[in-house]
Amino acid sequence: MKIAIMGYGTIGSGVAAVVEKNRDSIAKKAGEPIEVKYVLDLREFPGDPVQEKLVHDVDIIMEDPEVGIVVETMGGVEPACTFVKKALQAGKSVTTSNKALVAKKGTELLALAKENHVSFLFEASVGGGIPIIRPLNQCLTADEIMEITGILNGTTNYILTKMDRDGADLDAVLKRAQEKGYAEKDPTADIEGFDACRKIAILSSLAYGSQVDFEDIYTEGITGLSALDFKYAKELGMAIKLLATSRRAGDSFYAMVAPMMIGEDHPLHGVNGVFNGILVEGNMADKLMFYGRGAGSLPTASAVVADVVEMAKNPGETLLTSWSSEKLPLADKGTWERQFFVRMEGKRAERRILVEEIFGEVSYVEIPGLDEFGFVTPRMTEAEYEAKAAQAGGVIHMIRMAQ
């Protein structure tokens, strides 16, 4: 089987390395040797063996009947989408690590793959090297998925772990993460939650069988968090994580990305540093936990090559068909019920009566020497919380409590 890699960056070069290093074991699993015939990139790579396979014209790949599988690791929606469509229409299966492409064009590309009797797979688009797409699509088909909650971004998880352990503020930790290569020069997609949002949209679409648009998901990043929030969390025996979550409740579906406090008994509490964790709850299998490196060249490339092997074993077949183009409407976040941690201006003794009149029976937490206090509300809807917070006034910050 001859394959082509489009994009020779971190992931693309990792794919080439995995194919070369594990050549013999991959051949046994695929039923035939896998060989990289072309690498598409705008750049030159003098001194790198890939230079011999380098092409700058995508049509060389599309017009070569020997190439049966195309690996897309370019990133972004365009020109990746145009190139992937060309490949599928040329009768070539495609695998991608590109979450932006899958979240935006997933149903369209799956339909095109089916029409041309090939496959469009994207295991590496969520969770890097963690197997999650295939388990959802194959291993859990007997279940109705009730909830997916994940730490889906290693950059933000590293930042939050360091803020927790070092008592540092976001800006200082972000700078350190950039120096270590854990955060991009422009970290907006990570710290504002957009990356995690696209990933939970993909997982939710697969789990519930219909299109979940990432634009419809309420998304809140980590930029509002301070070192003081983590002090309060420690007083409560909790950690703060950026959770991407979707849930089925009766006939309604909810989805959200936001920082949340989680207790020590929560399966995601111990997921720290650059690691990712994904908790899936089925109505039959109950809770299942997937854990590992959510990014990085070789872990992600390993997931890409797993797709290549699967497609090589099943030529002429469309392997993934459980994602309908029919849009899944999400319930208003205002109807989602939970507890909230609230930081409020002033002294507890002075504001206690007002707080309890508005919020009901709350649990207080205080840090000495501050002109503020914290409390945890009873369960209420998001809309009820917003109305009560507006009525009380003086709210400094709110963090949701994981359910």
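## Overall organisation

Among contacts in the protein between residues at least 6 apart in sequence, 72% link residues at least 24 apart. The model analysed here is a predicted one. Its secondary structure comprises 14 helices and 20 strands.

The radius of gyration of the protein is 23 Å, close to the 22 Å that the globule rule gives for 403 residues, so the protein is as compact as a globular protein of that length. Measuring along the principal axes is summarised by a C-alpha trace that spans about 75 × 45 × 35 Å. Of the 403 residues, 54% count as buried.

## Packing of helices α1 and α12

Helix α1, formed by residues 10-21, packs with helix α12, formed by residues 297-313. The angle between the two is about 65°, and their axes lie 8 Å apart. Because angles of 65 to 115 degrees count as roughly perpendicular, this value makes α1 roughly perpendicular to α12. The crossing in which α1 passes α12 is right-handed.

## Residues at the helix contact

On the α1 side, the contact is made by Thr-10, Ile-11, Gly-14, Val-15, Ala-17, Val-18 and Val-19. The α12 side contributes Ser-297, Leu-298, Thr-300, Ala-301, Ser-302, Val-304 and Val-305.

By residue class, the contact of α1 with α12 divides into 9 nonpolar and 5 polar residues, with no charged residue. The nonpolar residues include Ile-11 and Val-15 of α1 together with Leu-298 and Val-304 of α12. Among the polar ones are Thr-10 and Gly-14 of α1, as well as Ser-297 and Thr-300 of α12.

Conventions:
Residues are numbered from 1 along each chain as its sequence is written. This is a predicted model: local features need pLDDT of at least 70, side-chain atom pairs count only at pLDDT 80 or more; totals for chains, interfaces and linings use all residues. Side-chain values use heavy atoms; hydrogens and water are left out. Axes are lines fitted to C-alpha atoms, for helices over the stretch in contact, and angles run from 0 to 180 degrees between N-to-C directions. Helices (H or I, at least four residues) and strands (E, at least two) are DSSP runs, numbered from the N terminus. Angles under 35 degrees count as roughly parallel, over 145 as roughly antiparallel, 65 to 115 as roughly perpendicular and the rest as oblique. A crossing is left-handed if the near helix is turned anticlockwise from the far one by less than a right angle, and right-handed if clockwise. Contact means heavy atoms within 4.5 Å. The radius of gyration is taken over C-alpha atoms; the globule rule is 2.2 Å times the number of residues to the power 0.38. Buried means under 20% relative accessible area, exposed over 50%, partly exposed in between (1.4 Å probe, protein chains only).
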